[in-house]
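I have a new structure open and a blank notebook page. These are my entries, in the order I looked things up.

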Amino acid sequence: MTRLLGMHGVRNYKAADATPALGGKRLRADWLEALGGRIPGLELETAYYADLLRGERQSDELDDTDVVLVEQWARAWGIDPSGVQGRATGWVRWICGQVAQRSGQRPAVVERTVRMFFPEVARYFATRRAAVRERVRGALLRHRPDVVVAHSLGSVVAYEALHELADELDVRLLLTLGSPLALPHAVFHRLDPLPCDGLGRKPAGVRRWVNVADAGDFVAIPRGELARVFEGVEELPDISIAPAWPHGVLDYLRHRSVAEAITSEVRSP
């Protein structure tokens, strides 16, 4: 038996998620379907906290805090947005167009992702971190996973929670998918614990940390930096999960490299 705990990224709240238990049940079903029975003896649960990251605003407009994160993200792409007037829709659209050129993606897809991603990142760090961490800490202690699979913002949550519980868990594998952990200022320099001398570290309760990212994943940037700025990380070769939107968790889970990373670890002595 392999106990696996999944940690989701942004925009995972659905209207049918009347309770965290129902939301977790829905996510679990989606993840099991995507993995497609390729991991024998899998016991999968998901740590659901999407309700805690919901915003009060119904629109996808970015506020001032979100815009600061978008600017930091743009600079990680080597884009200087300071010469563009204003901070309104045209400014965001211009940045997303520049990233789309560099990543080979459609500008509309990049902009849609930016408007989904950064508001929840801002909320997590500003006001929701303690509540999310408490929910995730409870899930980790209940399920005592052999493997933690964490996608996108979920990799940030997993990194912090696993450090907090370093003396209480023995996780054989942390597998991060499409992770923004190395994103300067917006994420990397706000982590708990803070990186020391520009270097983060693998949580002590984790035996092995493997990171995988789609070659066109415009959230998992700077490209190839995660293993350079975190000790103890193994980077798998770039993969291609879905050319139309290279950041979706279900597409990551469907890729053979994900199942192979999990099964190779749990079969090892």
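Below are my notes on the sheet, the pocket, the cavity, the salt bridges and a few backbone oddities.

**Entry 1: what I have**

I am working with a predicted model, not an experimental one.

**Entry 2: the sheet**

I began with the strands. I found an open sheet of six strands, in the order E2-E1-E3-E4-E6-E8, with parallel pairing. At the edges I noted strand E2 (42-47) and E8, each pairing on one side only. I get an average twist of 20° from one strand to the next. A reminder to myself: strands of a sheet pair through backbone hydrogen bonds, either parallel or antiparallel.

I then picked one pair for a closer look. Strand E4 (residues 173-177) runs parallel to E6, and four bridges join them. Within this pair I found Thr176 opposite Asn211 in E6.

**Entry 3: the largest pocket**

Next I looked for open spaces. The largest pocket comes out at about 400 Å³. Its lining takes in 22 residues, and Val10, Arg11, Asn12, Trp245 and Val249 are the closest to the centre. Which helices each supply at least two residues of this lining? I wrote down helix H1 (20-35), helix H4 (107-143) and helix H7 (249-254). Sorted by class, the pocket lining has 10 nonpolar, seven polar and five charged residues.

Arg11 made me stop, since I had just listed it by the pocket centre. I place Arg11 in the loop between strand E1 (2-7) and H1. Its phi is near 55°, a positive value in a residue other than glycine. At 40% relative accessibility, Arg11 is partly exposed.

**Entry 4: the cavity**

I also checked for closed spaces. I found one cavity of 30 Å³ or more. The largest cavity holds about 40 Å³ of space. Its lining is made of Trp73, Thr113, Val114, Phe117, Phe118, Phe218 and Val219. H4 gives the largest share of that lining, with four residues. I count six nonpolar residues, one polar and no charged ones around this cavity. H4 is now in my notes twice, since it also supplies at least two residues of the pocket lining.

**Entry 5: salt bridges**

Side chains of opposite charge can pair when their charged atoms come close. The count for this model comes to 19 salt bridges. I looked up three of them.

- Arg26 pairs with Asp17, and their closest N and O atoms are 2.8 Å apart. Is Asp17 buried or exposed? With 5% relative accessibility, Asp17 counts as buried.
- Arg133 and Glu164 meet at 3.0 Å, N to O. Arg133 sits in helix H4 and Glu164 in helix H5 (residues 153-164), so this pair ties together parts 31 residues apart in sequence. Arg133 is buried at 11% relative accessibility, whereas Glu164 is partly exposed at 35%.
- Arg208 and Glu234 meet at 2.9 Å, N to O. Arg208 is in the loop between strand E5 (200-201) and strand E6 (209-212), while Glu234 is in strand E8 (residues 233-235), so the pair ties together parts 26 residues apart in sequence. Both ends are partly exposed: Arg208 has a relative accessible area of 22%, and Glu234 is at 35%.

I then asked which residues are linked in a network of salt bridges. My list reads Arg129, Arg133, Arg137, Glu160, Glu164 and Asp192.

**Entry 6: backbone oddities**

Asp192 came up again when I looked at peptide bonds. A cis peptide bond joins Asp192 to Pro193, with omega about 5°. Pro193 lies in the loop between E4 and E5. I found another cis bond between Ile221 and Pro222, where omega is about 0°. Pro222 belongs to the loop between E6 and helix H6 (226-229).

Ser152 also has a positive phi, about 55°, although it is not a glycine. I place Ser152 in the loop between strand E3 (147-151) and H5. Ser152 counts as buried, at 0% relative accessibility.

**Entry 7: far in sequence**

My last lookup was Glu260, which lies in helix H8 (residues 256-267). Glu260 and Arg38 are 222 residues apart in sequence, yet 8.7 Å apart in space, C-alpha to C-alpha. Glu260 counts as partly exposed, at 46% relative accessibility.

How values were computed. Residues are numbered from 1 along each chain as its sequence is written. This is a predicted model: local features need pLDDT of at least 70, side-chain atom pairs count only at pLDDT 80 or more; totals for chains, interfaces and linings use all residues. Side-chain values use heavy atoms; hydrogens and water are left out. On a 1 Å grid over the protein atoms alone, a cavity is a set of points where a 1.4 Å probe fits but cannot get out, and a pocket is an open set with protein on both sides within 12 Å along at least five of seven lines; lining residues have an atom within 4 Å of a point. Grid points are joined across faces, edges and corners, and a volume is the space filled by probe spheres set on the points. Ala, Val, Leu, Ile, Met, Phe, Trp, Tyr, Cys and Pro count as nonpolar, Asp, Glu, Lys and Arg as charged, and the others, Gly among them, as polar. A salt bridge is a side-chain nitrogen of Lys or Arg within 4 Å of a carboxyl oxygen of Asp or Glu. Buried means under 20% relative accessible area, exposed over 50%, partly exposed in between (1.4 Å probe, protein chains only). Two strands pair if DSSP finds at least two bridges between them. Axes are lines fitted to C-alpha atoms, for helices over the stretch in contact, and angles run from 0 to 180 degrees between N-to-C directions.
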